[in-house]
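Subject: Structure handover

Hello,

Here is the structure I said I would pass on. Please look through it first; my notes follow below.

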Amino acid sequence: MKRSLVLLAVVLCVLLSFSGFGKTKLIFAVHWSDYQVEGVKDENGNVVVKGLKQYIEEYQKLNPNVEIEIQSVPFDEYLKRILISHTSGVIADIYVLYSLWGVQLVDSGILDEVPKDVVSKVKSDFVKAAVDGATIDKAIWGVPVEVANYALVYNKKLLQEAGFNEPPKTWDELVAMAPKLTKRNPDGTVAQYGFAFLSGWDSAVVHPYLALLYSNGGKPFKDDFTECLLTSKEAIEALEAELKLFKNGATDPAASVWNFPTGKVAMMIMAPWYETALKLGFKDEYEATVGVAPIPYLKKPATVGYTWFIAVDSASKNKKAAWDFIRWMTLQDAGGFTRMGELMAKNIGSIPPNKKDIAFFKEELNDLYTSAFVKELENTYQEPNIAQGQEIKTILMREIIEAWNGRKTAEQALNDAKKQIDKILEEFYK
Amino acid sequence: MAGLSETKGPVRRKKLKTNTGAGYAFLAPALLFYSIFFVYPVVFSLIVSTKRWNMLVPLSRARSVGFSHYSYLLSDQVFLGVLRNTLIYALATVSLTIVIALILAVLINNAKLSVLWRFIYFAPVVTPQVAIGTIWGYLYRPNNGLFNSILRLFGMKPVYWLTDPNVALFSIIITAVWAGIGGSMLIITAGLKNIPQDYYDAAKIDGAGPFRQFFYITVPLLSPTLLFLTATGFIGAWQVFDLPFTMGRNAPARSVMTVSWYVYETAFQSLRMGRASAGAFLLFCVIFGFTLLILWLFRRGGIKGYE
């Protein structure tokens with residue numbers, strides 16, 4: 001009886017190991033949508049553009065002892081997923097992270113230290129804006145996978161109808177052009193906006209403002225983050241520059257960048273990932289309608305950018321396997337390009353931050369939309385990686401909207417923002 | 001007799017003991033459920049509200065800050081502002097919902113096709129609040145929304161329903177009242193069915209018209225129902241999250257932010273679990289105080305209702 005029980009246990013162990021029980025399992029958390037994970041498929045279900053899943057299948061074939069599970073969580077829920085997984089103890093091994101969240105994750109010891117060879121590759125192979133995005137307290141905490149910045153997106157047809165053959169180059173030109181592109185209904189409501197912001201989303205409010213702030217020679221914080229500089233002359237002028245568009249009737253707080261594809265918005269400041277929505281909105285008219293140019297500047301050309309980087313959880317039981325996969329996916333040459341670069345350029349529609357990928361995927365990145373963003377990388381200032389970044393961003397958004405609504409002057413709004421932000425900085429940096 | 005009681009006493013005590021044990025045994029699942037899903041989270045939240053914790057590190061590593069989160073919130077203009085918004089929302093939605101539901105219930109009670117009317121008014125109650133918020137968001141659009149189209153027909157100026165800071169909260173209140181009428185109406189209708197017809201017949205003989213009947217028979221006899229609706233309405237309204245969150249994201253600053261929304265944002269965007277928990281406890285205190293106040297006011301009016 002005893003002998004047969006031992007035999008049974010051995011057989012079970014063998015069977016379990018063959019069935020994958022003995023594999024190294026990695027959980028990979030991303031915020032991407034279905035087609036970005038599963039791949040773009042034709043009508044017959046055949047994959048025409050690879051998604052993350054196909055790369056992982058390829059890696060698993062090369063490394064049969066590794067099994068990778070993708071956990072895709074919508075962007076709005078992504079940070080909560082990280083928080084809750086840490087509280088419950090069911091963590092992911094690999095994350096794709098928004099740079100703004102980095103400081104708190106690093107301060108809380110959530111991220112694993114990046115191996116030295118990976119750090120040196122990031123420093124040598126990636127564009128500066130992306131390296132800055134993955135850098136927290138002078139250390140690199142992951143491999144950048146996506147860099148995004150902002151540019152002026154305009155409706156060529158609406159501009160031509162109003163007699164403009166070129167987009168504005170300076171902010172003053174934009175302020176002069178925008179009212180001429182605005183049309184009103186008989187009741188006074190705006191039928192077509194010369195320029196549109198978006199009130200309800202922090203990035204759509206704060207990023208264009210930061211772009212103008214940098215363009216005006218200012219910056220939001222002291223370099224050591226001990227003080228908010230939003231009451232500086234440059235910062236107030238930058239917000240006043242935005243307010244000119246509200247005062248001259250070219251826009252109002254009800255405007256929305258999401259109406260651009262309906263042809264009711266002449267100009268807006270937007271990121272590269274909006275390309276697909278514009279193509280779907282304008283269909284055959286896309287190329288004849290959509291134009292992209294650098295953000296009209298105040299004193300010097302500048303835009304703002306943010307980064308997503310891939311990192312490993314410090315509590316992962318399979319850190320080595322996780323970093324091996326990251327090396328293969330983001331750094332290893334796959335024929336003149338990296339696999340992550342291919343995924344970004346061909347499927348996700350974002351700018352890959354690896355210089356090699358930018359050079360390789362010319363066709364994808366040199367189209368009428370993305371090329372302007374790629375060119376602007378040299379003028380891109382990375383959104384600061386600061387403690388309580390999301391909280392600070394929300395505060396600034398709310399105060400800017402107060403000014404947009406005429407409830408505060410630019411100076412009052414930024415004074416109030418500074419007071420609240422300085423309290424946070426005092427808590428974390430003094 | 002004495003002998004009888006001596007022999008019966010221990011038996012009774014034993015029986016009582018056995019019954020007590022059985023009682024606790026039967027109560028155990030409910031008590032266990034209550035402890036796990038109510039007592040534990042409440043105690044845990046209370047502890048969290050005295051810490052500076054971002055959920056990314058174990059709670060044991062979080063720094064204790066005493067009751068500083070409470071003092072911060074009670075002096076924070078933002079929190080006091082959202083408390084004010086929630087108070088306006090609660091007072092307006094509860095009072096308007098009950099008054100309109102009462103009038104409609106009385107009108108429908110004796111109307112033809114009353115079941116159909118009740119069904120129509122009840123439909124929003126079974127519709128998710130997020131769906132209601134999204135659909136009403138379209139109705140409130142400044143350019144092509146239904147309400148501004150109607151205003152235009154009468155030559156009136158359009159209203160920025162959800163983006164004007166002076167209007168946005170009231171726009172959301174209108175939606176909440178519309179969504180809440182059906183449920184209140186159904187409960188009032190049940191209350192109306194319990195009022196004997198004799199009272200109305202007697203009042204008619206005495207010459208009382210419909211208005212006198214309404215104010216002297218219907219309203220007083222519905223008072224326990226109205227007390228119930230007021231108390232539960234306020235408890236729900238103080239906790240409101242979904243409608244303002246869905247409809248008010250484009251509203252300026254914090255003109256429509258409610259306490260629950262503030263707590264959510266503080267916890268999951270600002271990663272300040274301690275402050276968020278303190279906010280939740282302050283909300284609990286407000287709701288508790290408000291409910292006691294309502295019960296006291298009704299009692300002063302001679303209505304004891306649900307005891």
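Among contacts in chain B between residues at least 6 apart in sequence, what percentage join residues at least 24 apart? The figure is 70%. For chain A, the share of such contacts that join residues at least 24 apart is 70%. Please keep in mind that this is a predicted model.

Chain A

Chain A contains 20 helices and 15 strands. Its radius of gyration is 24 Å, close to the 22 Å expected from the globule rule for 430 residues, so chain A is as compact as a globular protein of that length. The C-alpha trace of chain A spans about 95 × 55 × 40 Å along its principal axes. Of the 430 residues in chain A, 47% are buried.

The domain assignment splits chain A into domain 1 (23-148 + 306-382) and domain 2 (151-305 + 385-429). Between the C-alpha centres of these two domains of chain A there are 28 Å. Where they touch, 26 residues of domain 1 of chain A are in contact with 23 residues of domain 2 of chain A. On the domain 1 side, two or more residues each come from helix 5, strand 6 (135-136), strand 8 (143-149), helix 18 (370-375) and strand 15 (380-382) of chain A. Helix 5 of chain A gives the largest share of that side, 4 residues. By type, the domain 1 side that touches domain 2 of chain A has 14 nonpolar, 10 polar and 2 charged residues.

Chain B

Chain B has 13 helices and 2 strands. Its radius of gyration is 26 Å, well over the 19 Å that the globule rule gives for 307 residues, so chain B is more spread out than a compact globule. The box filled by the C-alpha atoms of chain B is roughly 95 × 75 × 35 Å, taken along the principal axes. Buried residues account for 32% of the 307 residues in chain B.

Between the chains

How many residues of chain A are in contact with chain B? There are 26, and they meet 21 residues of chain B. At least two residues of the chain A side come from each of helix 4 (75-88), helix 5 (102-107) and helix 19 (389-404) of chain A. Helix 19 of chain A supplies the largest share, 6 residues. The side of chain A that touches chain B consists of 7 nonpolar, 13 polar and 6 charged residues. Helix 5 of chain A thus appears on the side that touches chain B and also on the domain 1 side that touches domain 2 of chain A.

Regards

Notes
Residues numbered from 1 in each chain as written. Chains lettered and ligands numbered in written order. Predicted model: local features only at pLDDT ≥ 70, side-chain atom pairs only at ≥ 80, totals over all residues. Contact = placed C-beta atoms within 7 Å. Nonpolar A, V, L, I, M, F, W, Y, C, P; charged D, E, K, R; others polar. Domains from an automatic or database assignment. Rg over C-alpha atoms; globule rule 2.2 N^0.38 Å. Buried ≥ 20, exposed ≤ 12 C-beta atoms within 10 Å, placed from the backbone.
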